[in-house]
Amino acid sequence: MVFKVLSGNGAQAEAARLARVQVIAAYPITPQTTIVEALAEMVASGELKAQYVKVESEHSALQVCLSASALGARTYSATSSQGLLLMHELLHWASGQRTPMVLGVVNRAVAPPWNIGADHADTMSQRDTGWIQFYPESNQEVLDTVLTAYRLVEDPEIRLPAMVTEDAFYLSHTFEPVDVPDPETVDRFLPPKDARAILRPGVVSRLGSFTGPDHYVGFRHQVAEAMDRVLPKLQEVESEYARRIGRVLGGPLVGYRTEDADAVLLTLGTTSTTARGVVDDLRSSGRKVGMAKLRVFRPFPVEAVRQLARTVGRIGVLDRSFTFGALGPAASEVRSALYGIPSPPSVTSFLSGIGGRDVGPQDLRRVFEALLVSEAPGPRWMDLETSGEVAAHG
Amino acid sequence: MKVVYKSQTKATWCPGCGDYGVMAALEMAFKALKLPPHEIVLVSGIGCSSNLPHFFKTYGFHGLHGRAVPVATGIKLANPSLTVVVAGGDGDGYGIGLGHSLHAMRRNLDLTYVVMDNEIYGLTTGQASPTSTLGAKTKSTPLTGVIEAPVNPLALALSAGATFVARAFSGDPKQMADLLVQGIRHKGFALVDVFSPCVTYNHLNTFDYFRSRVYKLESVGHDPTDPVAAFRRTLEWGERIPTGLFYRAERPTYEDLEPALKDGPLPHQRAGFPPDVDPLKEFY
Ligand SMILES: Cc1ncc(C[n+]2csc(CCOP(=O)(O)OP(=O)(O)O)c2C)c(N)n1
Ligand code: SF4
Ligand SMILES: [Mg+2]
């Protein structure tokens with residue numbers, strides 16, 4: 001193992017290299033571009049034995065990966081924002097066809113108006129496409145998550161696609177030391193992809209057949225069942241990762257100082273690191289607060305959230321995106337997960353960091369303060385509550 | 001009163017970018033045509049080149065990557081009295097959006113499409129584009145260089161049914177302005193492909209590269225009404241590359257043939273049922 005100074009994008013590329021991906025198809029988009037540039041370089045230098053193709057759109061990129069994966073290759077692609085939205089049709093296809101694959105997504109705001117800042121609206125709006133979704137908070141976690149994601153999705157009981165996201169610029173373009181496991185260790189954790197491809201030489205079969213109402217529902221239900229197996233399987237995969245590589249990822253919901261907390265804030269991605277610091281500060285001034293990082297958004301970790309809620313009076317959910325006409329996407333899920341438990345905590349939806357707005361400690365302190373005084377469901381657009389800023393930003 | 005076409009927004013292209021020449025030529029063309037700015041709509045996709053509408057005081061629409069042509073189609077169909085100019089890059093119009101470009105040509109909508117063809121993806125910092133030269137080493141082709149045959153936009157436009165097909169060079173804004181004037185005046189789909197070098201990421205197809213190669217079609221007596229001669233000219237590439245008007249033809253535009261527009265632009269028509277469905281209403 002060796003420490004390398006990597007950006008989040010560098011960590012994605014490094015993980016794809018360690019996973020020995022065989023086919024990479026991508027289309028450039030800011031801020032994803034440096035991932036696929038790094039991979040193009042690795043392929044050119046011979047460091048990675050893979051086929052790299054820059055296609056004419058994200059739609060084609062995902063389709064190339066889908067077909068290659070169906071034929072048994074381990075594939076990788078990465079995108080962001082509009083690129084992910086353009087893939088939408090094929091996102092459904094990937095899960096429906098039971099294609100194990102990993103896609104890096106740099107979370108960026110969607111247009112209009114144009115904006116390239118961090119924002120989860122791109123992946124949140126794809127939550128119903130049958131993809132597993134991970135939201136890491138550091139470059140190290142990006143690398144570890146990509147590697148575990150491959151092992152998870154290629155498991156014969158899962159065979160679903162997964163996206164591993166990174167907050168635009170906060171991770172994608174920010175460098176930190178990353179502990180990069182050596183290739184042999186990774187090989188033992190992640191053996192070559194199961195050769196039982198969907199399409200095999202000598203076995204005539206078809207993909208995308210027409211099905212009537214008699215059969216269609218059965219196929220859909222199989223996807224749902226596979227999704228239900230993801231969280232238990234993830235636990236196995238992460239234990240194996242900890243055993244071989246030595247790092248503990250912590251499952252779908254990673255709590256911090258939640259045991260005796262009156263109020264807990266749920267976060268996704270990079271705001272988790274900031275929230276942990278703010279929890280420490282508030283604790284030292286006697287406020288009983290905690291936080292929990294939602295690492296996996298699909299499948300939604302209902303049980304883990306219910307477990308957390310047993311001891312907590314108030315839950316705040318910090319979404320870096322929005323759903324018009326409803327609470328923040330994660331907040332809605334949390335509320336629904338808690339339905340029916342005895343004396344459930346209140347749930348407040350906070351929206352913050354939209355379109356790349358910085359979410360600093362002072363912003364999270366305001367969130368905690370609001371959470372400690374009110375049980376109103378929200379959603380509260382915290383970015384607009386910063387005095388003076390609304391006018392300044394039009 | 002002097003009409004101002006340029007907006008207060010300063011172009012943010014790299015110093016020396018070919019797109020400055022296109023901006024200058026477009027302004028010259030608008031001036032020559034004496035078009036009121038409120039009757040012009042500039043539509044673009046995404047790319048360095050697609051930032052162009054911000055720099056003009058006309059109507060503007062900065063749409064999705066590769067989707068400028070459908071935006072322009074909607075605008076033109078709603079109000080054919082507007083002058084609609086589409087502007088964008090080679091990646092935008094000949095790559096991700098190529099399908100739209102071909103269908104608009106086939107329909108012969110009265111649009112003018114200016115493609116700032118720099119043979120590279122500028123905005124995403126230097127990947128191969130559909131017009132990149134074979135063998136060109138870019139960030140997406142570091143080992144072998146480009147191994148895909150480049151798109152020939154002018155030949156494609158001819159075969160797709162564009163009725164005005166021209167090529168300009170950013171190093172000659174006067175010629176470009178003249179072609180733009182003709183293209184905007186032309187009733188039907190006008191493609192003006194412009195060599196507009198990316199000085200930052202394309203070190204192969206530079207100003208000097210084009211300057212030493214381009215020659216004007218009118219200097220060799222090319223007949224732009226002859227489609228076969230035009231097609232032959234579109235295949236010329238290498239030491240000598242033609243610029244100017246390759247082809248022009250008269251053909252009814254989509255708007256001319258669309259029954260809903262025979263009483264003029266939709267905004268000027270009375271809303272509601274057209275008069276000839278009244279008997280139907282009575283019947284029911
Ligand atoms: C769906 C989608 N994919 C990718 C991008 C990222 N992107 C922005 S501009 C561009 C290509 C730019 O090349 P070109 O059209 O030739 O314009 P230039 O910058 O060279 O003028 C790409 C890939 C995007 N905005 N939307
Ligand atoms: S990157 Fe290239 S195309 Fe973009 S503004 Fe700079 S010179 Fe022009
Ligand atoms: Mg270009």
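This is a short dialogue on reading a predicted model.

Student: Where do I start with chain A?

Tutor: Start with the inventory. Chain A holds 14 helices and 15 strands. Remember that the model is predicted.

Student: What radius of gyration would a compact globule with 394 residues have, and what does chain A have?

Tutor: The expected value is near 21 Å. Chain A has 21 Å, so the two agree. For the outline, take the principal axes. Along them, the C-alpha trace of chain A spans about 65 × 50 × 45 Å.

Student: How many of the residues of chain A count as buried?

Tutor: The share is 53% of the 394 residues. Now add sequence separation. Take the contacts in chain A between residues at least 6 apart in sequence. Of these, 80% join residues at least 24 apart.

Student: How do I read a sheet?

Tutor: Read the strand order across it, then look at the edges. One open sheet in chain A has seven strands, in the order 3-2-4-5-7-6-12, with mixed pairing.

Student: Which strands stand at the edges?

Tutor: Strand 3 (51–54) and strand 12 (296–298) of chain A. Each has a single partner strand, so one side of each lacks a neighbour in the sheet. Then check the turn between neighbouring strands of this sheet: on average it is 20°, direction ignored.

Student: In which sense do strand 2 and strand 4 of chain A pair?

Tutor: Parallel. Strand 2 (residues 23–26) and strand 4 (residues 75–80) of chain A share two bridges. To find the register, look for A:Val23, which stands opposite A:Thr75 in strand 4.

Student: Now a single residue. Why does A:Ala370 count as partly exposed?

Tutor: Count its neighbours. A:Ala370 has 18 C-beta neighbours inside 10 Å, and a buried residue needs 20 or more. A:Ala370 therefore counts as partly exposed. Place it next: A:Ala370 belongs to helix 13 (residues 361–373) of chain A. Then compare sequence with space. A:Phe350 is 20 residues away from A:Ala370 in sequence, and their C-alpha atoms are 9.6 Å apart.

Student: And the interface with chain B?

Tutor: The size of an interface is often given as accessible area lost when the parts come together. Here, use residue contacts. In chain A, 14 residues are in contact with 15 residues of chain B. Helix 2 (residues 33–45) of chain A gives the most to the chain A side, with six residues.

Student: What is the make-up of that side by class?

Tutor: The side of chain A that touches chain B has six nonpolar, four polar and four charged residues.

Notes:
Residues numbered from 1 in each chain as written. Chains lettered and ligands numbered in written order. Predicted model: local features only at pLDDT ≥ 70, side-chain atom pairs only at ≥ 80, totals over all residues. Helix = DSSP H or I, 4+ residues; strand = E, 2+ residues; numbered from the N terminus. Buried ≥ 20, exposed ≤ 12 C-beta atoms within 10 Å, placed from the backbone. Pairing = 2+ DSSP bridges. Axes fitted to C-alpha atoms, helices over the stretch in contact; angles between N-to-C directions. Rg over C-alpha atoms; globule rule 2.2 N^0.38 Å. Contact = placed C-beta atoms within 7 Å. Nonpolar A, V, L, I, M, F, W, Y, C, P; charged D, E, K, R; others polar.
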